[in-house]
Amino acid sequence: MNILIKILLAATILLGLASCKEEFVNVDNPLAISTSSYPATVADLEQLLTGVYATQHAGGVFGRAMGPYSTHLWDHTTDLSWQGSPNWIQMGQNNALPSDNFLIQIWPDLWRGVQRSNTLLAAADRLNATASEADKASIQLIKGQTLFLRAWYYSYLLSFWGESFIVNGAGDEKMGVPIITEVAADLTETQVTRSTVKEGWDFIISDLKAAESLLEGKNWTSATDKHKVSQWAVKGFLGKVYVYTENWTDAKTYLSNVIKESGKSLVSFETYKTMFNGQNEFNSESLYELNMNVDMTYPGANDLSMGSMMATLTAPSYVGPTGTPIASAWSNVFPHAKNIARFGFDLGHYFPAGTTTPNIANVDKAYITKSVAARANKTVDPRLWVACLQPYVDSMIVAGAKKPVSHYLDVTELDMEAWSFRKYINLAGTELEINRANGSNILWLRLADIYLLYAETLAKTGDNATALEYINKVKRRAYNYPVDAPSPVDYKSLTDVTKAPDNVLKNDPLKYERWAEFFGEFNWWFDVCRWKIGDKEAAYYQKIRGGTIQWDPTDYAQPIPINEINANANMRQNPGY
């Protein structure tokens with residue numbers, strides 16, 4: 001949060017450069033920047049690189065849409081408090097449309113990240129041709145970061161819109177997304193066909209392998225550089241992609257290398273429970289995180305801002321002066337009630353049966369006593385309270401004063417578990433107090449993820465005992481036991497019972513640990529897609545506020561936005577839309 005990124009200048013420059021080649025620059029405009037004179041130095045390239053990083057928190061990406069407007073609806077992390085958007089309800093029913101307003105935001109912002117990456121890579125090559133040896137070394141580091149970032153943007157495009165998620169089998173024929181490596185010089189060059197899913201993953205791997213070579217041995221240590229892509233971020237991302245593509249041999253090599261050679265370690269539980277709220281950033285567990293800062297000039301949902309607006313949508317409700325709920329920001333979505341049960345919480349409800357008035361005065365005091373005991377005795381998975389705020393048990397800060405968290409505003413079903421999210425919100429105040437520009441870094445890739453991906457890889461390659469140990473390492477930390485020693489909470493087998501009550505997770509520690517460890521962290525949808533458990537998840541969650549979940553096998557791929565279909569004559573729509 002201390003790193004001040006000069007986004008405005010870089011984003012403006014990139015917007016100009018990414019839209020045209022030199023011959024298309026309006027030389028009559030005295031403010032126009034010609035590619036013959038810019039970029040001219042390594043410092044210029046660094047400005048462009050800032051813009052490529054900044055696009056990661058544009059409104060259609062982690063500035064607002066990546067969780068609340070997309071994955072958290074598809075995988076039912078969230079339910080809907082606000083019922084005013086029909087297309088939001090449809091997305092929560094796994095029934096998105098090509099005209100969906102949120103997909104229309106996500107698609108172009110991800111492509112803008114690709115476009116800015118391509119602009120920078122071309123500029124770096126031009127500058128490299130006449131650079132000094134010292135500058136060439138710096139240029140190579142810039143290129144390495146940019147290739148990682150281009151792969152990052154493509155991974156979301158392919159995961160969201162690829163007709164099939166997994167390469168093996170159908171991936172050779174199924175439609176992926178276009179592969180574009182150069183900035184279009186004119187409109188005709190934007191009429192690009194879709195490559196296959198396999199070609200898409202191969203392209204991502206190619207970019208990451210090139211980045212690995214360019215960033216080999218590079219670890220950023222200065223305060224102003226900690227947000228940059230390191231060698232271990234690249235290797236970890238490669239390991240994850242190899243798991244996604246079911247290349248278990250290479251996955252094992254890369255994940256093992258990160259575990260054994262990176263020097264990374266799981267943080268303590270005390271650090272873990274606060275590291276999603278602007279504290280303990282760039283810690284020993286983090287491999288790559290999106291750097292955010294509270295921005296009092298530009299609100300979130302804009303890549304000119306240094307913060308994110310996501311928490312404005314997920315912000316808690318609190319008890320007002322009359323004892324009834326008040327929203328602390330927009331407060332549009334809250335954790336789906338079925339998720340509370342999945343953590344093993346079955347202690348009843350904060351309002352006694354028959355309650356008609358949603359007031360703190362009517363809360364069941366015995367419920368509070370049982371809840372406090374369950375948290376202290378760890379009879380419920382402790383990660384529930386890392387991920388969520390419990391109504392009438394937890395508190396939040398509003399204008400410097402401590403307020404009890406209430407059940408979620410606008411939820412009129414008084415028997416529903418209307419908790420609030422805790423990850424990636426401002427614990428020191430409301431989102432409106434920080435200009436809707438939350439400064440909590442997004443921990444995009446961390447060692448717990450590597451451990452569980454490695455466990456999955458080992459299980460797929462016949463080493464169940466070691467796989468189980470890495471699953472248990474993650475669980476031990478969650479229960480505040482030493483990571484590397486046996487504990488009372490260890491699973492005894494890969495089919496041992498978990499806290500979850502449902503058939504998907506009840507006897508599958510690997511799946512349960514991935515769900516519980518990363519709840520609210522934008523990961524679960526991709527696991528749902530690659531494991532092809534969408535129908536089972538829909539059967540568990542059943543409905544959202546607004547309607548019944550309607551699952552179809554084509555729902556693993558989202559509809560190509562109608563704007564793109566209309567603009568690109570060669571773009572084909574996904575089946576089912």
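**Figure 1. Asp-207 sits in helix H7 (residues 197–214).** Helices here (H or I, at least four residues) and strands (E, at least two) are DSSP runs, numbered from the N terminus. This is a predicted model, in which local features need pLDDT of at least 70 and side-chain atom pairs count only at pLDDT 80 or more, while totals for chains, interfaces and linings use all residues. Residues are numbered from 1 along each chain as its sequence is written, and side-chain values use heavy atoms, with hydrogens and water left out. With a relative accessibility of 4%, Asp-207 counts as buried (buried means under 20% relative accessible area, exposed over 50%, and partly exposed in between, using a 1.4 Å probe and protein chains only). Setting aside neighbours within four places in sequence, Asp-207 is in contact with Leu-147, Arg-150 and Ala-151, where contact means heavy atoms within 4.5 Å.

**Figure 2. Tyr-69 and Trp-88 make an edge-to-face aromatic pair.** Searching the whole structure gives 49 aromatic pairs. Rings of Phe, Tyr and Trp (its six-membered ring) pair if their centres lie within 6.5 Å; planes under 30 degrees apart count as stacked, over 60 as edge-to-face and the rest as tilted. For Tyr-69 and Trp-88, the centres are 5.0 Å apart and the planes meet at 70°. Tyr-69 belongs to helix H3 (residues 67–74) and Trp-88 to helix H4 (residues 86–92), so this pair ties together parts that are 19 residues apart in sequence. Both Tyr-69 and Trp-88 are buried.

**Figure 3. Tyr-350 and Phe-351 form another aromatic pair.** Their ring centres lie 5.1 Å apart with the planes at 70°, so this pair is edge-to-face. Tyr-350 is buried at 1% relative accessibility, and Phe-351 is buried at 4%.

**Figure 4. Two lysines place their charged ends over aromatic rings.** Look for the charged end of Lys-235 over the ring of Trp-232, 5.8 Å from the ring centre. In the companion view, the charged end of Lys-532 sits over the ring of Tyr-556, 4.8 Å from its centre. A charge sits over a ring if NZ of Lys or CZ of Arg is within 6 Å of the ring centre and within 35 degrees of the ring normal.

**Figure 5. Asp-449 and Lys-240 meet in a salt bridge.** Side chains of opposite charge can pair when their charged atoms come close. The structure holds 35 salt bridges, each a side-chain nitrogen of Lys or Arg within 4 Å of a carboxyl oxygen of Asp or Glu. Between Asp-449 and Lys-240, the closest N and O atoms are 2.6 Å apart. Asp-449 lies in helix H15 (residues 447–460) and Lys-240 in helix H8 (residues 231–244), so the bridge ties together parts that are 209 residues apart in sequence. Asp-449 and Lys-240 are both buried.

**Figure 6. Two salt bridges involve residues in loops.** Asp-394 and Arg-375 come together at 2.9 Å, N to O. Asp-394 is in the loop between strand S6 (388–389) and strand S7 (395–398), and Arg-375 is in helix H13 (residues 365–377), 19 residues apart. Asp-394 is buried at 13% relative accessibility, whereas Arg-375 is partly exposed at 29%. The other bridge joins Arg-545 to Glu-413, with the closest N and O atoms 3.0 Å apart. Arg-545 is in the loop between strand S11 (543–544) and strand S12 (547–548), and Glu-413 is in the loop between strand S8 (401–404) and strand S9 (420–421), 132 residues apart. Arg-545 is buried, with a relative accessible area of 9%, while Glu-413 is partly exposed at 29%.

**Figure 7. Salt bridges that share partners build one network.** The members are Glu-285, Asp-381, Arg-383, Lys-423, Arg-446, Arg-477, Glu-513, Glu-517 and Glu-521.

**Figure 8. Helix H16 (residues 464–478) is mostly covered.** H16 has 15 residues and reaches 21 Å from its first C-alpha to its last, close to the 21 Å expected at 1.5 Å a residue (the expected span is 1.5 Å times one less than the number of residues). Eleven of the 15 residues are buried, including Leu-468, Tyr-470, Ile-471 and Arg-477. The buried residues of H16 pack against helix H9 (248–261), helix H10 (269–272), helix H14 (383–387), strand S10 (442–446), H15 and helix H17 (509–517). After H16 comes Asn-480, whose phi is positive, near 65°.
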